[in-house]
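Subject: Handing over a structure, with notes on what was found

Dear colleague,

I am passing a structure on to you, and my notes on it follow below. Please look through the sequence and the model first, and then read on.

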Amino acid sequence: MVTEKYIWEQLEQISDPEIPVLSIVDLGIVRIVSISDDSCIVTITPTYSGCPAMNVIQEDIIKLLSPTVNTKVEMTLSPAWTTDWMSENGRNKLREYGIAPPEHEVDKSVLFAKPTVVPCPKCKSSHTKMISQFGSTACKAHYQCLECLEPFDYFKCLK
Amino acid sequence: MTTQEAFYSYIVRLGDDSLILGQRLSEWCGHGPVLEEDIALTNIALDLIGQTNNLYELAVSIENKGKNIDQLAFLRLEKEYENLLLVEQLNVDFGYTIVRQFFFDVYRKLVFEALCNSSDERLAGIAEKSLKETKYHLKHSSEWVIRLGDGTEESHRRVQEAVNTLWKFTDELFFQDEVDQNVIELGLGVDNSNFKVTWDSHVEHVLTEATLTIPSNSWQHAGGRKGIHTEHFGYLLSEMQYMQRAYPNMEW
C-alpha cells in the first residue's frame, strides 16, 4: 500500500507548466494528500482564479499516480493560496532560474505606496524598478535592474 | 421565489458582471496603448473570467439541473444575462476603459469583502480568493485614473469625458430587488446599501486626487439586473457566443 509520504515525494516530479523550475509542491498548491484503502485524493488550489495551468496540473497528477494507485484530484479555493506557502527551496529555485521570488509587501490597496524593493535575480542589486504591475503570467510583475539593465520577472506577493 | 432560486440568480449576476467585463477587456488583446498595459488588461480579464468560472460552477451546483457552465456563459439569450450596464459599455479608449474598471473595482472589492462572511462557505471561499485579485485590479485602475486625470490636457479631457458618460451607470451598482432581499435575509448575500457611502467616498477621493469632477447631472440608467441592456450588448454576445452557436457543445 502506498503512503502519504510516497505520494508527496512523487508529486515533487510535477512542475508548474508556466514556471517549469518549480514543482507543484514547492509552489504550495498541493494542499492535502489523503489515502484510503487503495485510492488517493490529492487536493490542489489555484494561485489565481483564472490560472490556465490548473487543468494541465490535474492531468499530470492523474497520469503520474494512476498506474500505482487509484487517484482523484479535487480543487479547493479556501483557504486562498498565498505566496507564503512557497517553500524556501522553491524560492531558491526561482531565483536561480532568473525570477525574483515574492518579497513581503505592504497592503496592495495603498495607493502610490513605494514599490517593493525587489533585488535583481542576476546581479543581486537592489537598484531596480517596476516596469509593470502585470507580467507574462497572472502571478508575475515586470521589473528591470538599473545596475545590470536586465529585465526580469518578479513573482508577485499575494497575501 | 424560493431561496434556492434567489441564491442561484444572485450568483449568476455576480458571474455575469465579471464575464462581460472580462470579455470587454479581452478585446484589448493586441491593441493596448503600450505593451505593459496590453498585458495588464488581459491579465485582469483572465482573473475576471476565472472568477466567473468559479461562480458559475457554484450556480449550476445550486440549481442542480445538470447544466454545465458553458451553457450558462454562451447559450443564454440577451435578456437572460443580468449584468450591470456599466460592464457592457464599449472600451472607447484606454482612459474610458480605466474609468469603467475603476468604478467596477471599487464596488467589486466592497462586495467581496462583505461576501467573505457569507453563510455559504463555498461563496465565502470564492470571495476570499477573488478579493486578493480585485485589490490588485483596484490599485492598478486607481493609479491610472490619477495619472491620466492629473496628466496632460488631452488625457484629462478624455478621462473627464469618460467619468461624465459613465456616471449614469453607477447608481445601478446599488440596485436591489427580490433576489437581493432573499439572500440578504439569510446572510448568503450582501446588503450593498451598507457600503454605498464607502463607494462614494472612495471614488470621490481618487477623482479629487486626479483633479476630476463628479458630474452633477442626476439622471441614472438602469435595467441590467432585469435583463434590459444597452445597444452594445447584442454585438458583444454575438462575438462571444459565436463558437458555441456555430459548433454546439464544442470543447477546447
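A cavity, as the word is used here, is a set of grid points where a 1.4 Å probe fits but cannot get out. Please keep in mind throughout that this is a predicted model. With that meaning of the word, the structure holds three cavities of 30 Å³ or more.

The largest cavity comes to a volume of about 110 Å³, and the residues that line this cavity are Tyr10(B), Arg13(B), Leu14(B), Tyr107(B), Val111(B), Phe175(B), Asp180(B), Val190(B), Asn192(B) and Arg225(B). Two elements of chain B, helix 1 (3–26) and helix 5 (94–115), each supply at least two residues of that lining, and helix 1 of chain B gives the most, with three residues. Sorted by class, the lining of the largest cavity has six nonpolar residues, one polar residue and three charged residues.

For the second largest cavity the volume is about 70 Å³, and the lining is made by Asp16(A), Glu18(A), Ile19(A), Leu27(A), Thr47(A), Cys51(A), Pro52(A), Ala138(A), Cys139(A) and Phe155(A). By class, the lining of the second largest cavity divides into seven nonpolar, one polar and two charged residues.

Next, the pocket. The largest pocket has a volume of about 1,700 Å³, and of the 45 residues that line this pocket, Ile49(B), Asn53(B), Glu57(B), Ile69(B) and Asp70(B) are the closest to its centre. Both chains take part in the lining of the largest pocket, where at least two residues each come from helix 2 (54–65) of chain A and from helix 1, helix 2, helix 3 (69–74), helix 6, helix 10 (232–240) and helix 11 (242–246) of chain B. Helix 2 of chain B gives the most to this lining, with ten residues, and by class the lining of the largest pocket has 23 nonpolar, 16 polar and six charged residues.

As for how the two chains meet, 28 residues of chain B are in contact with 30 residues of chain A. Between them, chain B and chain A bury about 2,500 Å², with 62% of that area on carbon and sulfur atoms. In chain B, the residues that lose the most area to chain A are Lys129(B), Lys132(B) and Tyr136(B), which together account for 31% of what that side buries. The count of salt bridges between chain B and chain A is zero, whereas the count of residue pairs in polar contact, both at pLDDT 80 or more, is ten. On the side of chain B that touches chain A, the elements that give two or more residues are helix 2 (35–63) and helix 6 (121–149) of chain B, and helix 6 of chain B gives the most to that side, with 16 residues. By class, the side of chain B that touches chain A has eight nonpolar, nine polar and eleven charged residues.

Finally, a word on chain A itself. There are three helices and nine strands in chain A, and from the N terminus on its elements run α-β-β-β-β-α-β-α-β-β-β-β. The C-alpha trace of chain A spans about 55 × 30 × 20 Å along its principal axes.

With best wishes

Conventions. Residues are numbered from 1 along each chain as its sequence is written. Chains are lettered from A and ligands numbered from 1 in the order in which they are written. This is a predicted model: local features need pLDDT of at least 70, side-chain atom pairs count only at pLDDT 80 or more; totals for chains, interfaces and linings use all residues. Side-chain values use heavy atoms; hydrogens and water are left out. Contact means heavy atoms within 4.5 Å. Buried area is the accessible area (1.4 Å probe) that two parts lose on being put together, summed over both. A salt bridge is a side-chain nitrogen of Lys or Arg within 4 Å of a carboxyl oxygen of Asp or Glu. A polar contact is a pair of N or O atoms within 3.5 Å; within protein, one must be able to donate a hydrogen and the other to accept it, and residues adjacent in sequence count only if both atoms are side-chain atoms. Helices (H or I, at least four residues) and strands (E, at least two) are DSSP runs, numbered from the N terminus. Ala, Val, Leu, Ile, Met, Phe, Trp, Tyr, Cys and Pro count as nonpolar, Asp, Glu, Lys and Arg as charged, and the others, Gly among them, as polar. On a 1 Å grid over the protein atoms alone, a cavity is a set of points where a 1.4 Å probe fits but cannot get out, and a pocket is an open set with protein on both sides within 12 Å along at least five of seven lines; lining residues have an atom within 4 Å of a point. Grid points are joined across faces, edges and corners, and a volume is the space filled by probe spheres set on the points.
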